[in-house]
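Subject: Structure handover

Hi,

Here is the structure I promised to pass on to you. Please open it alongside this message, and my notes follow below.

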Amino acid sequence: MEVRYLQEFVTLERMRNFTRAADALYTTEATLSRHIRTLEKELGQPLFIRTTRRTELTEFGKKFLVYAEKITQTMRECETNLLKQDPRHVDSLLIGVFGKGFHYPVVDKSLRRFTLRVPNCAIGMVEGDPVQLKEKLHKRECNVIIIREKTEEADDAFKRLTLLRDPLCVIVSKDDPLAQEETVEVSRLRERKTTMLTEYMLSYEVFVELCRAHGFEPHMRVMFKERNIIENFIVISEETTVLCRDMAERLFDPAAQVVREIAPRTCECVNLLALKNTSLPEITQIAFECFAETVAVT
């Protein structure tokens, strides 16, 4: 039995929605569903009652959840405690991430800078959605977290460092008139049928707010429910896809499509968060400094 499948099962139960769970795990609904079916086959019992409107645990699933949570918690404790006991490591830095936070170059450069300053420190990753990660930060279960937010600042318990600003973009066919423009005014999308990946991504909320600020409601043609569909998606006729640049440039087909930034420039912020108004461990302070130094020279 794969421990990873147990972790996915726990995440799915917490979110009660395959789309949101797949986004949190940065996988596809199809992959998540396949893993759950494999787990159910191994157990010989269904874990979820699936309908078009909800996903709920079966009675067996409720009983199994108790053990799955214990196993996944034990694995997290094992990884953390073994790292702390390893004589090669004088300390550990735990970073909370939502999705593939480590694929950003600024993160990689910052961690290399950190490793040079603290060569014997183990670096671990804790995954979760933004709400969970903030809770972990409050509980001091991780040193810093990396999440996407709409703002660079907020009046809360966290200090922030914006690692990068990821602008909203459109993906259009090379034959589309918008492809000839360097940037696409949001007003040009007023009558467009717009494709969004999922309503649970921050880019959906940011785009809707931008359209409303310019006096119109966007026309959503399709709301994809499985990430693998849009990864194989080819824009046709007047169809327009909206994503942040980071994902758009990883998903578009350069032979048939172009990516154009939406104006006025509207960004999601990839932020590094740590607790503020409190005494931070030295490791946390050093990590924050390394990220800040990398951002300053980027």
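**What turned up**

R140 sits in the loop that links α6 to β5. Before going further, please keep in mind that this is a predicted model.

Back to that loop: R140 has a positive phi of about 60°, although it is not a glycine. With a relative accessible area of 46%, R140 is partly exposed. R16 shows a similar kind of backbone setting, with a positive phi of about 55°, and R16 is not a glycine either. You will find R16 in the loop between α1 and α2 (18-25), where its relative accessibility of 37% makes it partly exposed. I flag these because most residues other than glycine have a negative phi, and most peptide bonds are trans.

The second half of that remark matters for another spot. A263 and P264 are joined by a cis peptide bond, with omega at about 0°. P264 belongs to the loop between β11 (257-263) and β12.

**Helix α6**

Now to the helix that comes just before R140. Helix α6 covers residues 130-138, and its buried residues are Q132, L133, K136 and L137. Why do they lie on the same side of α6? They do so because they cover an arc of only 140° around the axis.

What do the buried residues of α6 pack against? Their partners are the helix α1 (3-15) and the strands β3 (91-97), β4 (121-127), β5 (144-149), β6 (158-173) and β12 (267-275). At the N-terminal end, α6 is capped by D129, which places a side-chain oxygen 3.0 Å from the backbone nitrogen of V131.

**Two buried residues**

L243 is in strand β10 (residues 240-244) and is buried, with a relative accessible area of 2%. Its C-alpha atom is separated by 6.4 Å from that of V170, although L243 and V170 are 73 residues apart along the chain. Not counting residues up to four places away in sequence, L243 touches P167, L168, C169, I171, L197, A248 and L251.

E40 lies in helix α3 (residues 29-43). Is E40 buried or exposed? It is buried, because its relative accessible area is 11% and the cut-off for buried is under 20%. Leaving aside neighbours within four places in sequence, E40 is in contact with Q45, P46, L47, F48 and R50.

**On the surface**

V66, Y67, I71 and M75 make a nonpolar surface patch of about 360 Å². Among them, Y67 lies in helix α4 (residues 59-85) and is exposed, with a relative accessible area of 55%.

**The chain as a whole**

To finish with the overall figures, the chain has ten helices and twelve strands. Of its 298 residues, 48% are buried. Among contacts in the chain with a separation of 6 or more, 74% are between residues 24 or more positions apart. The chain exposes about 15,700 Å², and carbon and sulfur atoms supply 50% of that area.

Best wishes

Technical notes. Residues are numbered from 1 along each chain as its sequence is written. This is a predicted model: local features need pLDDT of at least 70, side-chain atom pairs count only at pLDDT 80 or more; totals for chains, interfaces and linings use all residues. Side-chain values use heavy atoms; hydrogens and water are left out. Buried means under 20% relative accessible area, exposed over 50%, partly exposed in between (1.4 Å probe, protein chains only). Helices (H or I, at least four residues) and strands (E, at least two) are DSSP runs, numbered from the N terminus. The arc is that of the directions from the helix axis to the C-beta atoms. Contact means heavy atoms within 4.5 Å. A polar contact is a pair of N or O atoms within 3.5 Å; within protein, one must be able to donate a hydrogen and the other to accept it, and residues adjacent in sequence count only if both atoms are side-chain atoms. Patches are made of residues with over 30% relative accessible area and no salt bridge: like charges are joined within 9 Å, nonpolar side chains (Val, Leu, Ile, Met, Phe, Trp, Tyr) within 5 Å. Accessible areas come from the Shrake-Rupley method with a 1.4 Å probe; for residues, only the protein chains shown count as cover. A salt bridge is a side-chain nitrogen of Lys or Arg within 4 Å of a carboxyl oxygen of Asp or Glu.
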